[in-house]
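Please examine the sequence and the structure shown below before reading on. The paragraphs after them explain how the parts of the chain are arranged.

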Amino acid sequence: MKALCRSNKSYPTHYRCISSICTAQLDPPIQEEDRVWVCTRATFLQIQQTLIQKCARHRAISQGKSCHAQIIHFGLQADTLTSNMLINLYSKCGTLDYSRKVFDEMRVRSVVSWNTMIGAYTQNGDGEGALKLFVRMLGEGSEFSEFALSSVLCACASKILAFESKQLHAFAVKASMESNAFVGTALLDVYAKCRSIEDAFRVFESMPEKSDVTWSSMMAGFVQNDLYEEALSLFLKAQRSDVEINMFTISSVLSACAALAALIEGKQVHAIVYKTGFGANEYIASSLVDVYAKCGSIKQSHAVFSDAEEKNVILWNTMISGFARHARPLEAMILFEKMQQMFLYPNEVTYVSLLSACAHMGLAEKGRKYFDMMKKEHNVSPNVFHYSCMVDILGRTGQINGAKDLIDKMPFEATASIWGSLLASCRVYRNVELAEVAARKLFEIEPNNAGNHVLLSNIYAANGRWDDVAAARKLLKSSEAKKERGKSWIEIKDKVHSFMVGAITHPRIGEIYSRLDNLLEEMEELGFKGHIEHDLHDVEDDYKRELLKHHSEKLAFTFGLMCLPSHAPIRIMKNLRICGDCHEFMKVASTVTGREIIVRDNNRFHHFREGYCSCGEFW
């Protein structure tokens, strides 16, 4: 079959000259408009294939369907290469059903056909579909390539299919493909996502050749499994091995720095970002803003944000979240207004950060305003995180019954975070009745969290109900819940020094205790004698003072005071909430020593300066 068409395009053509004289001599000369372009079957197919590839690149589904219709009209759908292109087109456009229909109607399928269809399932998040098709391909005895195996492994990773992944690993070993860079990278990625990080690292170590993607995947695996130190160590090893640094590597390392609050390492990675030219990337900029905010350097965080040429919603949200974490609600709100002036629409994450800022500063009316604004102005439906923030806002401002009413009216089940916020508020305002309700819910949701038992016990102790304290502690001992020990750490000269209450193992612990005693004497002259009401043990006051005296954050602060230059702020990290006595201690210590003290607990940042804390006593 041949088709006739006129075109100005430079596709391959055959020219035929129409004349009444059967001779090779043409007189007069032929004009351009007298020529008829004849497109052969092969040329037409080539044109359609080129158009299909362009449609796939631009996700132009309507034009792609038109090309498909032309192919069917002229009976060219049996061509295997064209069908493969159509499968890819529909996959890129997210219409997986059309991809599968083209695949099923193919008379002859090549290895590329199977690979493309398996890849289509993987790219569209249908891991089970990819796995089933791979099994069918093997059952039909079709040849397969490393691409098909790596695609199926990626599909298993997206669905956390651990058992199937191990079977595929065994198959890769049997087919001698485990040393292939694509297969190996996919294997370590799926093991990392299935929380089998040791298996992932074993695959990584056994690979004879590792690409930059392999290294970045292993670092990302460590970060996903909360092994941040290991991620940083691997990054250092990659640098020493002259591995090319890509954006995914940088992103993973910055996430590790943020989680560890490793300011020095974060600054070093920041220098690498500028050296490699990745600083212009919006996602890298967001990671840098997050690192500095989580390391307590909110000024540097805002400087990175301001320097970013292009700002997407993620970058704005990260900066608003940083201000919220550092008890800077006014800056967070101003940034929220500026964001809208730049014609960027707030999303769920934006409002979580705003409501969190309101909660940390006890801004109940502002919180209600933003909670109502979500749906009315930006059509954002409140989710469980927004309700959690509102419960926190009401609880922190003493509206505990209002918080409980909001929980009862929520369109979904309350989470452990919501009940935990209510329980913490009950402790501040000594509401035993609601505390018991919240605690019972938490015991059901988090049976292994000893912190809930301890918090209920403290509420009983604050109200002088010592029999209930004994019963709560007895219940804790009989349960399988484990209490997390309080720990504080400080980074000095590239080394992290960790402390626990009453620590004795640090090499300079004698000096630390001596310096702390001297400091406490200076503070007593200003009237600080320790707030023994924050120790909830049924013991004498003098013994309570002794118990509070050597809390981990006080030891970390004293060591920082001994080692850091007089102009440098002292940055302390904690795994638990800072206690009331230590909070008062830091305020007075900032006056006595003239130092800025930054404490990050598991809830927020506290900036102590000249006797005041940025939290405004809301934490």
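The text that follows begins with the reliability of the model and then turns to its helices, loops and single residues.

The structure is a predicted model, in which local features need a pLDDT of at least 70 and side-chain atom pairs count only at pLDDT 80 or more, whereas totals for chains, interfaces and linings use all residues. Residues are numbered from 1 along each chain as its sequence is written, and side-chain values use heavy atoms, with hydrogens and water left out.

The term pLDDT denotes the predictor's confidence in each residue, from 0 to 100. For the protein chain the mean pLDDT is 86, and 90% of its residues reach 70 or more. Over residues 1–26, however, the pLDDT is below 50, and this stretch has 32 contacts in the model beyond near neighbours in sequence. A contact here means heavy atoms within 4.5 Å. Residues 533–541 also have a pLDDT under 50, and the model gives them 18 contacts beyond four places in sequence.

Helices (H or I, at least four residues) and strands (E, at least two) are DSSP runs, numbered from the N terminus. Consider helix α7, residues 146–159. The expected span of a helix is 1.5 Å times one less than its number of residues. For the 14 residues of α7 this should give 20 Å, and its end C-alpha atoms are 20 Å apart, which agrees. A residue is called buried under 20% relative accessible area, exposed over 50%, and partly exposed in between (1.4 Å probe, protein chains only). The buried residues of α7 are A148, L149, S150, S151, V152, L153, A155, C156 and A157. Their cover includes α5 (111–123), α6 (127–139), α8 (162–174) and α9. After α7 comes I160, whose phi is positive, near 55°.

How do α7 and α9 lie relative to each other? The axes of α7 and α9 (residues 181–193) come within 9 Å and cross at roughly 10°; such axes are lines fitted to C-alpha atoms, for helices over the stretch in contact, and the angles run from 0 to 180 degrees between N-to-C directions. The two helices are therefore roughly parallel to each other, a description used for angles under 35 degrees, while those over 145 count as roughly antiparallel, 65 to 115 as roughly perpendicular and the rest as oblique. On the α7 side the contact is made by E146, L149, S150, L153, C154, C156 and A157, and on the α9 side by F182, V183, A186, L187, D189, V190 and K193. An α-helix has 3.6 residues a turn, so residues three or four places apart point the same way. In the loop between α9 and α10 (197–206) lies R195, which has a positive phi of about 65° although it is not a glycine.

Farther along the chain is helix α15, residues 282–294. Its 13 residues should span 18 Å, and its end C-alpha atoms are 18 Å apart, in agreement. Because 10 of these 13 residues are buried, α15 is largely enclosed by the rest of the structure. The buried residues are I284, A285, S286, S287, L288, V289, D290, V291, Y292 and A293. What covers them includes α13 (247–260), α14 (263–276), α16 (298–307), α17 (313–325) and the strand β8 (605–609). At the N-terminal end of α15, N281 acts as a cap, with a side-chain oxygen 2.9 Å from the backbone nitrogen of Y283. Just after the helix, G296 takes a positive phi of about 90°.

One residue of α16 is S301, which is buried with a relative accessible area of 0%. Leaving aside neighbours within four places in sequence, S301 is in contact with V289, Y292, A293 and M319. Another serine, S353, is found in helix α19 (residues 348–360). S353 is buried, with a relative accessible area of 7%, and, by the rule that sets aside neighbours within four places, its contacts are N317, I320, S321 and A324. In the loop between α17 and α18 (329–341) lies A327. A327 has a positive phi of about 55° although it is not a glycine, and at 9% relative accessibility it counts as buried.

Is K477, in helix α26 (residues 466–478), buried or exposed? At 74% relative accessibility, K477 counts as exposed. The C-alpha atoms of K477 and A170, 307 residues apart along the chain, are separated by 45 Å.

Conventions:
A polar contact is a pair of N or O atoms within 3.5 Å; within protein, one must be able to donate a hydrogen and the other to accept it, and residues adjacent in sequence count only if both atoms are side-chain atoms.
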